[in-house]
Amino acid sequence: MTYTKQDLALNGGPKAKTSPTIPMFPGGLEIGDEEKKEVMEVLDNKYLFRYYGPTDSPSKVKAFEESYAEYLGTKHSLALNSCTSALVSALVAVGVGPGDEVIVPAYTFFATCAAVVAARAIPVVAEVDASLTMDPLDLEKKITKRTKAIIPVHMRGMPAKIDRIMEIARRHKLKVIEDVAQANGGSFKGKPLGSFGDAGCFSLQFHKTITSGEGGVLATSDDLTYTRAQAYHDVAACWRKDRFAPPEFAGEIFFGVNFRMSELTGAVALAQFRKLDSIVGRMKHNKKLIKDRLLDLKGIQFREVTDEAGDTATCLIFFLPKGSQVSDFTTALHAEGIEAGGIYNKGVPDWHMYPHWKMLIEKMMPTDKGCPFNCEQSGPAPNYDPDACPQTMGLLERSIHLDIPPQLSEKDCEQIALGIRKVASVLLA
Ligand SMILES: Cc1ncc(COP(=O)(O)O)c(C=O)c1O
């Protein structure tokens with residue numbers, strides 16, 4: 001079937017998608033009786049703090065941690081109040097501090113970078129490649145004698161090239177902390193994401209695949225990393241059998257903060273965890289239904305898939321030949337009833353890409369003294385040039401992004417594919 005200008009909804013043709021847009025809250029829209037039951041148990045037991053209460057009730061947070069570690073195949077998992085907290089705790093736990101550099105990708109939510117600064121280390125930014133995850137070639141170029149760790153991000157559901165990144169890290173004796181905030185339930189070559197590095201950090205924030213509104217998880221198989229993360233995330237050492245006992249070994253306890261997860265959050269997280277595979281399975285099914293119908297389309301290039309089976313399929317991303325085509329393309333899709341968007345627009349602030357990380361570029365700290373940007377250990381403060389990642393921005397400015405909610409029907413998927421086909425056939429002809 002060939003389409004002409006008149007077929008576009010923009011020009012009076014029939015709209016491709018007739019049903020309302022489903023918002024992208026994959027787990028959030030599935031909150032129901034299971035979550036209510038778990039939360040009511042916490043309230044009925046008056047057991048709102050994981051370490052003690054008036055009754056001797058089993059902790060929801062602990063049950064969630066145990067389920068999560070078993071799912072990932074890691075020895076430990078620690079529940080926290082956010083993924084940002086998990087990232088900071090993981091960095092501190094593996095020994096990152098003043099004087100160290102940590103490499104992060106140029107396309108990730110700003111929290112990945114902010115966690116490095118919270119650990120008082122210098123963020124170094126690496127390009128992403130056509131998978132929109134960290135480019136292993138650029139990563140290796142960014143390693144210096146100060147580099148201590150790498151944070152690959154499994155961005156927008158897609159596994160990073162974690163096998164190559166682990167190989168580079170081990171060769172240079174660097175720590176790896178996986179940021180799995182956006183790829184809960186994903187895998188690479190059959191192994192769960194978050195179980196490759198020294199630690200894996202997950203988010204349960206409301207936009208994420210499963211959610212407790214706010215929340216995070218740190219997974220690790222290393223006993224020392226786990227113990228130190230636990231020490232950091234709990235300022236009063238409530239997790240220790242005797243909070244006031246002297247350290248059992250050097251580095252076991254030290255100044256920490258309060259990043260603990262509450263039992264109410266743990267209750268929701270536990271119920272949501274049981275839905276993880278179903279939610280990811282439905283997103284994968286929907287993405288395949290849409291993408292398979294577009295494989296022969298001329299003019300668009302799909303984002304590189306690093307591992308089809310391990311992609312959590314939260315979205316479909318493709319590149320147009322030129323960035324200047326994105327605005328007309330998305331306007332035409334909106335008219336078709338399809339809420340796809342461009343990813344990078346220089347004039348529109350977005351925390352997900354390096355040129356918009358104003359806090360980093362201008363080194364905006366609460367005070368003007370101290371690590372990482374103004375201290376002896378760090379050496380001269382780096383100059384963060386907003387144009388320093390041309391490969392990443394060259395890809396992002398040509399990108400079209402479409403969310404794939406698990407709640408889409410087969411008809412929705414067919415109509416979305418039809419709309420994209422119509423628009424691409426006419427505008428990219
Ligand atoms: C890639 C990435 N890392 C970290 C975070 C931070 O997660 P949280 O909001 O749970 O702190 C997010 C949240 O959007 C994210 O997308």
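**Backbone oddities, a ligand pocket and two buried residues**

Ala313 sits in the loop that runs between strand E10 (301-302) and strand E11 (315-319). In this predicted model, its phi comes out near 60 degrees, a positive value in a residue that isn't glycine. Ala313 counts as buried because its relative accessibility is just 2%, under the 20% cut-off.

Arg120 shows a similar quirk: phi is positive, about 65 degrees, although Arg120 is not a glycine. This residue belongs to the loop between H4 and strand E3 (122-126). With a relative accessible area of 45%, Arg120 is partly exposed, whereas Ala313 is buried. The peptide bond between Cys371 and Pro372 is worth a look too, as it is cis, with omega at about 10 degrees. Pro372 is placed in the loop between helix H11 (358-361) and H12. As a rule, peptide bonds are mostly trans, and most residues other than glycine have a negative phi.

On to the ligand. The space it takes up is the largest pocket. Helix H3 (83-93) and helix H4 (111-118) are the elements that each supply two or more residues to the shell around the ligand. There are 15 residues around the ligand, and those that come nearest are Thr84, Asp179, Gln182, Ser203 and Lys208. As for polar contacts, a polar side-chain atom of Thr84 is 2.5 Å from a ligand oxygen. Cys83 takes part through its backbone, with an N or O atom 2.9 Å from an oxygen of the ligand. For Gln182, an N or O atom in the side chain lies 2.8 Å from a ligand oxygen. Taken by itself, the ligand would expose 390 Å², and the protein buries 92% of that area.

Leu204 is found in the loop between strand E8 (199-203) and strand E9 (216-220). Its relative accessibility is 0%, so Leu204 counts as buried. Setting aside residues up to four places away in sequence, the contacts of Leu204 include Phe64, Asn184, Met261 and Ala269, along with the run of residues Ile210, Thr211, Ser212, Gly213, Glu214, Gly215, Gly216 and Val217. Gln6, by contrast, is 198 residues from Leu204 in sequence and 44 Å from it in space, C-alpha to C-alpha.

Thr392, part of helix H12 (residues 390-396), is buried as well, because its relative accessible area is 0%. Beyond its neighbours within four places in sequence, Thr392 is in contact with Ala106, Tyr107, Glu127 and Val128.

Terms used. Residues are numbered from 1 along each chain as its sequence is written. This is a predicted model: local features need pLDDT of at least 70, side-chain atom pairs count only at pLDDT 80 or more; totals for chains, interfaces and linings use all residues. Side-chain values use heavy atoms; hydrogens and water are left out. Helices (H or I, at least four residues) and strands (E, at least two) are DSSP runs, numbered from the N terminus. Buried means under 20% relative accessible area, exposed over 50%, partly exposed in between (1.4 Å probe, protein chains only). Contact means heavy atoms within 4.5 Å. A residue is near a molecule or strand if one of its heavy atoms lies within 4 Å of it. A polar contact is a pair of N or O atoms within 3.5 Å; within protein, one must be able to donate a hydrogen and the other to accept it, and residues adjacent in sequence count only if both atoms are side-chain atoms. Accessible areas come from the Shrake-Rupley method with a 1.4 Å probe; for residues, only the protein chains shown count as cover. On a 1 Å grid over the protein atoms alone, a cavity is a set of points where a 1.4 Å probe fits but cannot get out, and a pocket is an open set with protein on both sides within 12 Å along at least five of seven lines; lining residues have an atom within 4 Å of a point. A molecule sits in a cavity or pocket if more than half of its atoms lie within 2 Å of its grid points.
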